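Open the structure in your viewer and keep the selection tool at hand. This tour goes stop by stop, telling you what to select and what is there.

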Amino acid sequence: MPQSRREQIIRNVITRCQAAISPTAVLRQPTIAIPREQTPVLLVAVLSDAPLTRSNDRIEHELVLRILAHARDPTDGYAVADDLLCKVHLALLADTTLGGLALSLAEMEADYQTEDADVEAIAIPALYRITYRTLVSDISQGG
């Protein structure tokens with residue numbers, strides 16, 4: 001069964017993140033709260049995937065991923081979460097084509113927040129814009 005180019009890219013990003021921060025877990029769009037004992041953890045979520053331009057039989061897309069470093073540390077949760085993001089950023093920007101799957105990968109804005117439910121819970125997100133191309137008739141093929 002073929003995978004869409006979008007799915008190939010997401011899986012590639014997750015693999016790169018896992019390699020960069022092992023043995024810390026990387027979860028894709030979890031639907032339940034992260035238990036205290038599972039932190040630190042890195043969460044990867046798709047924010048959007050939009051077609052940008054069409055040229056002949058190809059279409060260019062913009063995929064936005066949110067990568068969230070989640071940590072609970074009584075000493076310095078910000079340092080733990082920031083360290084995860086630094087390692088992931090380095091791994092992702094080492095090859096902005098993600099092994100030829102994408103045209104480009106660029107960092108976007110990030111905001112820092114403390115989770116209201118837990119004074120020690122820190123969540124630092126980073127957003128990445130990935131531009132890729134597919135065939136109009138087949139989203140599993142690069143264009």
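The tour begins with the whole chain and then turns to single residues.

**Stop 1: the whole chain**

Keep in mind that this is a predicted model. Show the chain as a cartoon. You should find two helices and six strands. Trace them from the N terminus: the order is α-β-β-β-α-β-β-β. The C-alpha atoms fill a box of roughly 55 × 30 × 25 Å along the principal axes.

Now switch on the surface. The accessible surface comes to about 7,700 Å². Carbon and sulfur atoms account for 51% of that area. Of the 143 residues in the chain, 36% are buried.

Colour the charged side chains next. There are 13 positive and 19 negative ones. The centres of these two sets lie 10 Å apart.

How much of the contact map joins residues at least 24 apart? Among contacts between residues at least 6 apart in sequence, the share is 61%.

**Stop 2: the largest nonpolar core**

Hide the surface. Select Ile9, Val13, Leu42, Ile67, Leu92, Leu98 and Ile130. These have the most contacts inside the largest nonpolar core, a set of 29 residues. Which elements give two or more residues to this core? They are helix H1 (5-21), strand S2 (41-55), strand S3 (58-72), helix H2 (77-93) and strand S6 (121-135).

There is also a second, separate core. It has five residues, including Ile34, Val41, Leu43 and Leu68.

**Stop 3: Leu98**

Go back to Leu98 and zoom in. Leu98 sits in the loop between H2 and S4. Is this loop residue buried or exposed? Its relative accessibility is 0%, so Leu98 counts as buried.

Show what surrounds it. Beyond its neighbours within four places in sequence, Leu98 touches Ile9, Asn12, Val13, Arg16, Leu92, Leu105 and Ile130. Check the backbone too. Leu98 has a positive phi of about 50°, although it is not a glycine. Most residues other than glycine have a negative phi.

**Stop 4: salt bridges**

The structure holds eight salt bridges. Visit three of them.

Select Arg28 and Glu7. Their closest N and O atoms are 2.7 Å apart. Arg28 belongs to strand S1 (residues 25-28) and Glu7 to helix H1, with their positions 21 residues apart in the chain. Are the two partners buried or exposed? Arg28 is at 36% relative accessibility, so it counts as partly exposed. Glu7 is at 16%, under the 20% limit, and therefore counts as buried.

Move to Asp95 and Arg16. This salt bridge has its closest N and O atoms 3.5 Å apart. Asp95 lies in the loop between H2 and strand S4 (104-107), while Arg16 is in helix H1. The two are 79 residues apart. Asp95 is partly exposed, at 23% relative accessibility. Arg16 is also one of the residues in contact with Leu98.

Then pick Glu60 and Arg133. Here the closest N and O atoms are 3.2 Å apart. The pair links strand S3, which holds Glu60, with strand S6, which holds Arg133. They are 73 residues apart. Glu60 is partly exposed at 21%. Arg133 is partly exposed as well, at 28%.

Before leaving, add Arg11 to the view of Arg28 and Glu7. Salt bridges with shared partners join Glu7, Arg11 and Arg28 into one network.

**Stop 5: two cis peptide bonds**

Most peptide bonds are trans. Which bonds here are cis? Select Ser22 and Pro23: the bond from Ser22 to Pro23 is cis, with omega near 10°. Pro23 is in the loop between H1 and S1. It is exposed, with a relative accessible area of 79%. Measure across to Val41, a member of the second core. The C-alpha atoms of Pro23 and Val41 are 9.7 Å apart, and the residues are 18 apart in sequence.

Now select Thr39 and Pro40. The bond from Thr39 to Pro40 is cis, with omega near 0°. Pro40 is found in the loop between S1 and S2.

**Stop 6: Asn56**

End at Asn56, in the loop between S2 and S3. Asn56 has a positive phi of about 55° and is not a glycine. Is Asn56 buried or exposed? Its relative accessible area is 69%, over the 50% limit, so Asn56 is exposed.

Conventions
Residues numbered from 1 in each chain as written. Predicted model: local features only at pLDDT ≥ 70, side-chain atom pairs only at ≥ 80, totals over all residues. Heavy atoms only, no water. Helix = DSSP H or I, 4+ residues; strand = E, 2+ residues; numbered from the N terminus. Buried < 20%, exposed > 50% of the residue type's maximum accessible area, 1.4 Å probe, protein only. Contact = heavy atoms within 4.5 Å. Areas by Shrake-Rupley, 256 points an atom, 1.4 Å probe, with all protein chains shown as cover. Lys, Arg positive; Asp, Glu negative; His and termini not counted. Charge placed at Lys NZ, Arg CZ, Asp CG, Glu CD. Core = buried A, V, L, I, M, F, W, Y, C linked by side-chain atoms within 4.5 Å. Salt bridge = Lys/Arg side-chain N within 4 Å of Asp/Glu carboxyl O.
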